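Trainee: I'm new to this structure and would love a close look at a single part of it. Could you take me slowly through the strands that pair up and the turns that link them?

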Amino acid sequence: MIWVLIMLKYHRGQCHEYYKFNGCLDRYVSTFPRNPKEAQATMRKGRRCSSSKAFLEPIRHRSNLKVTKYSTVNKILINPDTKTAYGVEFTKHNKRIQVLALREVILSAGVYRIGTIVDGIWNWTKKAFIRTASPVSAVSYMAGRGPLTLPGGAVGLAFARSSLASDDHSATRPDIELVMGGGSLAGDLLGILRSLLGVTDQWYWKVYGSLPLNVRQNSFSINPVLIRPRSVGRLKLRTANFTDPPIIHMNYFHDPKDLKALVHGIRLTQQVIGTSAFQRYATRLHTTPFPGCEKLQFDSDQYWECAIEQTSITLDHQVGTCKMAAVDDKTGVVSPRLLVHNIRGLRVADASIMPRIPAAHTHAPVVMIAEKAADIIKEDWGMRSNSIYD
Ligand SMILES: Cc1cc2nc3c(=O)[nH]c(=O)nc-3n(C[C@H](O)[C@H](O)[C@H](O)COP(=O)(O)OP(=O)(O)OC[C@H]3O[C@@H](n4cnc5c(N)ncnc54)[C@H](O)[C@@H]3O)c2cc1C
């Protein structure tokens with residue numbers, strides 16, 4: 001994702017020119033919704049609705065469910081003779097506890113233990129957001145209404161296919177997403193977004209310092225996202241001790257086509273802001289060159305390639321560390337039934353099983369994997385499935 005800042009002159013009015021959300025139009029698969037509330041996000045009544053809230057909370061009183069907090073799994077117990085997983089060992093308040101599985105062990109520990117970071121960041125930004133909101137907005141938010149209930153980071157989405165996507169398996173699959181943020185980095189007056197993204201104050205003031213405060217506040221961003229990267233990273237265990245952080249080689253832009261596809265995303269963004277719908281608000285691109293790229297001609301492809309290399313960030317949609325593949329594929333870990341190859345009684349159900357990054361944000365596909373896993377497990381143990389296909 002690269003930050004392309006767009007300035008918006010404040011103007012009250014209705015936008016009538018829009019494309020149908022989730023509809024097909026020319027090469028766009030889906031485009032900006034007329035009403036930001038139509039954007040699909042993991043929210044309920046204007047608040048974030050996590051997987052825990054949606055799936056665990058409603059069933060937490062079930063007698064066959066036990067959730068243990070403050071518990072870190074140290075190892076999966078595997079019988080070396082039969083190669084069968086039979087339980088897990090975890091630490092809770094410095095105590096080692098073993099639980100034995102009646103049937104099987106299901107591992108959902110994420111691609112590399114990132115979930116705790118997600119929650120931490122959310123709680124922090126939520127508090128800061130409410131502190132800076134007007135009292136009216138804050139009260140409306142409590143009632144599930146008002147501007148604070150919008151999915152601020154993604155009030156509009158568009159999917160498109162760049163000319164570089166032509167070597168993809170599919171003739172229609174998009175490779176670029178445009179995510180429109182209700183605010184922008186320039187409007188980050190308290191420095192919250194800056195510190196999340198690792199942007200220094202020096203960089204911020206150099207790029208946006210010349211803009212008056214009200215202009216920075218009335219700015220928004222459209223972020224081109226590469227949703228079909230060709231570059232593939234690597235994750236290696238540092239030691240056999242799971243508490244040692246793994247070695248991660250992200251390998252961003254290893255394939256030069258990735259950079260070129262993102263430049264295409266910027267060109268697409270420029271087309272979007274040139275439409276009469278956006279021009280009604282006197283939308284314009286912020287033209288201060290990014291530090292490190294000042295010597296290149298602004299708006300040339302070379303300039304944008306430099307800007308992408310200087311400022312792009314990840315959306316943390318990593319997948320594939322326990323890839324689903326055939327048993328003779330040395331890079332594969334699980335079967336189509338999510339069972340770990342060559343070990344009995346061990347299944348993986350999380351983002352790590354995806355062989356490729358889906359052309360979507362990964363949370364919803366992970367929920368789909370979990371739903372499918374539930375059906376598969378019930379089928380494999382001869383239980384009735386609640387699948388809609390029954
Ligand atoms: C900052 C950030 C923002 C993101 N924003 C979005 C977004 O807006 N939309 C979107 O679709 N996706 C987003 N993603 C990606 C999305 O969150 C992940 O793809 C998704 O959470 C992966 O689900 P998972 O179940 O595979 O792993 P996780 O959600 O990481 O869950 C794994 C869980 O296992 C726990 N765990 C790991 N190891 C152990 C252990 N040894 N013992 C006990 N527990 C353990 C972890 O604490 C964690 O709770 C974001 C990710 C990040 C990091």
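Mentor: Happy to; here is a walk along one run of strands, with a short look at the cores afterwards. A word on the source: residues are numbered from 1 along each chain as its sequence is written. This is a predicted model, where local features need pLDDT of at least 70, side-chain atom pairs count only at pLDDT 80 or more, and totals for chains, interfaces and linings use all residues.

Let's start just ahead of the strands. Y70 sits in the loop between α1 (51-56) and β4; helices (H or I, at least four residues) and strands (E, at least two) are DSSP runs, numbered from the N terminus. Although Y70 is not a glycine, its phi is positive, near 50°. Y70 counts as exposed because it has 8 C-beta neighbours inside 10 Å. For that label, a residue is buried if 20 or more other C-beta atoms lie within 10 Å of its own, exposed if 12 or fewer, and partly exposed in between, with C-beta atoms placed from the backbone.

Now to β4 (residues 71-79), which runs antiparallel to β5 (residues 84-92) and is joined to it by eight bridges. Two strands are said to pair if DSSP finds at least two bridges between them. Across this pair, K75 stands opposite E89 in β5. The hairpin of β4 and β5 has four residues between the strands, and K83 there takes a positive phi near 50°.

On its way onward, β5 meets β6 (residues 95-100): the two run antiparallel, with six bridges joining them. Here F90 stands opposite I97 in β6. This second hairpin has two residues between its strands, and in the turn H93 has a positive phi of about 45°. N94, in the loop between β5 and β6, also has a positive phi, about 65°, without being a glycine. With 5 C-beta neighbours inside 10 Å, N94 counts as exposed.

And the cores? A nonpolar core is a set of buried Ala, Val, Leu, Ile, Met, Phe, Trp, Tyr and Cys residues joined through C-beta atoms within 7 Å. The largest has 28 residues, and I176, L178, L226 and L262 have the most contacts inside it. At least two of its residues come from each of β8 (156-160), β9 (176-181), β10 (219-226), α7 (256-273) and α9 (301-311). The largest share, six residues, is supplied by α7. A second, separate core has 17 residues, including V105, V111, V334 and A351.
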